[in-house]
Amino acid sequence: MGKTSIRRLALLVLAVVVAMCAKAWHDTMRAPVVERLVIESSALPRATPPVRIALLADIHVAGPDMPPERLARIVAQVNALKPDLIVIAGDLISEKRTATHIYTAAEVVAPLGKLSAPLGVVVVPGNHDHWSGWEAISAELARHPQITVLRNQAIARGPLVIGGVDDDFTGRADVPATMAAMPRGAGARIVLSHSPDIFPQVPVDVDAVLAGHTHCGQIAWPWGGAPATMSDYGNLYACGVTRQHGKVLVTSAGLGTSLLPLRMFTHPEVWLIEIRPAKR
């Protein structure tokens, strides 16, 4: 191979590397994509107005990719969607070793205090929240009256009953206790969990399970799927909408990053899920 050919090959390799870096930066830092889904519930009376739920997950506040200032912009984007209820499926914080800055619990929660929805905000913990000091995060969340934390508990919000499962990845989930706190006949039943891996344990008469944790692989294959999902079920429950045995699971790609501060072939996202009465 001559010098000219070597030089051209080197320039080609450099161009590919630059293009991949630009792609990764764009995928990591772009504004969240709003994904939309309609779910019909037979538990809602026919005249019940639709309820819109904004699902956030895996915020992972840490430098360089998710400083509080970026989260504040995302909060404004979510509020502009005018959801009736906002739910957060865990991992508000990150302690990743590649982080350029680790923020305090107060800095992490402050932007979330601006979230606004008529039916409030419901949060469940994720594995990184427990690893980073859940007590401090919980104390900051408690400063904001519109935010409710659920740990294997349930709460009624409008025509919905929201069950919040504690983190399954760290062994704190108690699905039976959560379901026991969600009476039938009180409205559409929605389960919020950090990990989607609880999905097989949830009864078929639950209207939806909303989760995160997987980041849709964070670094995925361009043709779909990902080499790692942090789920015991691989790619089965790792991304998007799964319908199985009459149940619906929504697994969000989340907002921030874990381990490495970059995404590739995945994007930050917010789900806007409309729950409406089933057609009869």
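**Close-up 1. Helix 4 has a kink of about 105 degrees, centred on G133.** The bend at a residue is the angle between axes fitted to the seven residues ending there and the seven starting there; helices are DSSP runs (H or I, at least four residues), numbered from the N terminus. Although helix 4 (residues 127–141) has 15 residues, its end C-alpha atoms are only 17 Å apart, short of the 21 Å of a straight helix at 1.5 Å a residue (expected span: 1.5 Å times one less than the number of residues). Among its buried residues are H128, W134 and I137 (buried: under 20% relative accessible area; exposed: over 50%; partly exposed: in between; 1.4 Å probe, protein chains only).

This is a predicted model: local features need pLDDT of at least 70, side-chain atom pairs count only at pLDDT 80 or more, and totals for chains, interfaces and linings use all residues. Residues are numbered from 1 along each chain as its sequence is written, and side-chain values use heavy atoms, with hydrogens and water left out.

**Close-up 2. A disulfide joins C216 to C239, S to S 2.0 Å.** The count comes to one disulfide (a pair of cysteine sulfur atoms within 2.5 Å). Its S-S torsion is about 85 degrees, so the disulfide is right-handed. Both cysteines lie in the loop between strand 9 (208–211) and strand 10 (240–244), so the pair ties together parts 23 residues apart in sequence (strands: DSSP E runs of at least two residues). C216 is buried, at 8% relative accessible area, whereas C239 is partly exposed, at 44%.
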